[in-house]
Amino acid sequence: MSQQQPHSEIQRARDEAERRKRSQESPAAARIANQASWVDEQLRVAMARGDFDDLPGAGKPIEDLGEQHDPDWWVKKLVEREQITGVLPPSLQLRKDDALLDRELDRLTVEAEVRRVIGEFNERVLRARYTVQDNQPPLVTQLRDVEATVQAWAQRRALRLEEARARVREGAATPPSSRPRWWRRRRGGKA
């Protein structure tokens, strides 16, 4: 038995040497060895033609180089590039909508529409309260008091109307411009 072990180890070493020799001489090994020089040659030819001149970002540092790896980097870049909005978790979307609700209400002119929008907002808050939100930010948005919100809307609206009337009164108090009106200019100053 001791004689077979050294013989088998010798045979294994010979087989390994033969395998290495064959793999280095094979056509595949030759292609792999020459592939690097072929790629280098293709790059040199392209550079000589000027294919790499005036590329976007030339001479600028590479963005985000040296920052920690973020597995969701491509999603964030897509959202930024395509300016995608409305993909917030429900609790954060409600916070954002609550902050913008008064501005949205100020565009409305009818109290019934204001009440409808406030009601829809409150329904969304209630729906979010009773929906399971695993791994989501907490829901801190409160229901809007319909009567108080409508009253605040009416006060803001009355203030805007009064400011508009004041601007109209100021405009009426200013003397007319000395320039002739357009129809007088067309007819040579005759009215």
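What follows is a short back-and-forth about how the labels on this predicted model are earned.

User: What makes this an all-helix pattern along the sequence?

Analyst: The count of elements does: the protein has seven helices and zero strands. Read from start to end, that gives α-α-α-α-α-α-α.

User: Why is Thr149 called buried or exposed?

Analyst: Buried is the label for anything under 20% relative accessible area. Thr149 comes in at 7%, so it counts as buried. Thr149 sits in helix 6, and beyond its sequence neighbours within four places it is in contact with Asp102, Leu105, Ile118 and Arg144.

User: And Pro138, buried or exposed, and how do you know?

Analyst: The bar for exposed is over 50%. Pro138 has 55% relative accessibility, so it counts as exposed. Pro138 belongs to the loop between helix 5 and helix 6. Setting aside neighbours within four places in sequence, Pro138 still has contacts, with Ser91 and Arg95. The C-alpha atoms of Pro138 and Leu92 are 8.4 Å apart, though 46 residues separate the two along the chain.

User: How do you know how helix 4 and helix 5 run relative to each other?

Analyst: From the angle at which they pack, about 175°, with the axes 11 Å apart. Angles over 145 degrees count as roughly antiparallel, and helix 4 and helix 5 are therefore roughly antiparallel to each other.

User: Which residues make that contact, and what kinds are they?

Analyst: On the helix 4 side you have Gln93, Leu94, Asp97, Asp98, Leu101, Glu104 and Leu105. They meet Val114, Val117, Ile118, Phe121, Arg124, Val125 and Ala128 of helix 5. By type, the residues of this contact split into nine nonpolar, one polar and four charged.

User: What makes a group of residues here a nonpolar core, and which residues are in the largest one?

Analyst: The members have to be buried residues of the nonpolar kinds, joined through side-chain atoms within 4.5 Å. The largest set that passes has 12 residues: Leu94, Leu101, Leu105, Leu108, Val114, Val117, Ile118, Phe121, Val125, Ala128, Val150 and Trp153. Helix 4 (90-106), helix 5 (111-129) and helix 6 (146-173) each put in at least two of them, and helix 5 has the largest share, with six residues. As general background, nonpolar side chains in soluble globular proteins tend to be buried together.

User: Take one member, Val114: what does it touch?

Analyst: Not counting residues up to four places away in sequence, Val114 touches Leu105, Leu108, Val150 and Trp153.

User: How much of the whole protein is buried, and how much area is exposed?

Analyst: Buried residues are 10% of the 191 in the protein. The exposed area is about 16,600 Å², and carbon and sulfur atoms supply 54% of it. As for contacts with a separation of 6 or more, 58% link residues 24 or more positions apart.

User: What makes Asp54 worth a look?

Analyst: Its backbone: Asp54 has a positive phi of about 60° without being a glycine. Most residues other than glycine have a negative phi. Asp54 is in the loop between helix 2 (27-49) and helix 3 (73-82).

User: Why is Asp54 called exposed?

Analyst: Its relative accessible area is 79%. Exposed needs over 50%, so Asp54 gets the label.

Conventions. Residues are numbered from 1 along each chain as its sequence is written. This is a predicted model: local features need pLDDT of at least 70, side-chain atom pairs count only at pLDDT 80 or more; totals for chains, interfaces and linings use all residues. Side-chain values use heavy atoms; hydrogens and water are left out. Buried means under 20% relative accessible area, exposed over 50%, partly exposed in between (1.4 Å probe, protein chains only). Helices (H or I, at least four residues) and strands (E, at least two) are DSSP runs, numbered from the N terminus. Contact means heavy atoms within 4.5 Å. Accessible areas come from the Shrake-Rupley method with a 1.4 Å probe; for residues, only the protein chains shown count as cover. Axes are lines fitted to C-alpha atoms, for helices over the stretch in contact, and angles run from 0 to 180 degrees between N-to-C directions. Angles under 35 degrees count as roughly parallel, over 145 as roughly antiparallel, 65 to 115 as roughly perpendicular and the rest as oblique. Ala, Val, Leu, Ile, Met, Phe, Trp, Tyr, Cys and Pro count as nonpolar, Asp, Glu, Lys and Arg as charged, and the others, Gly among them, as polar.
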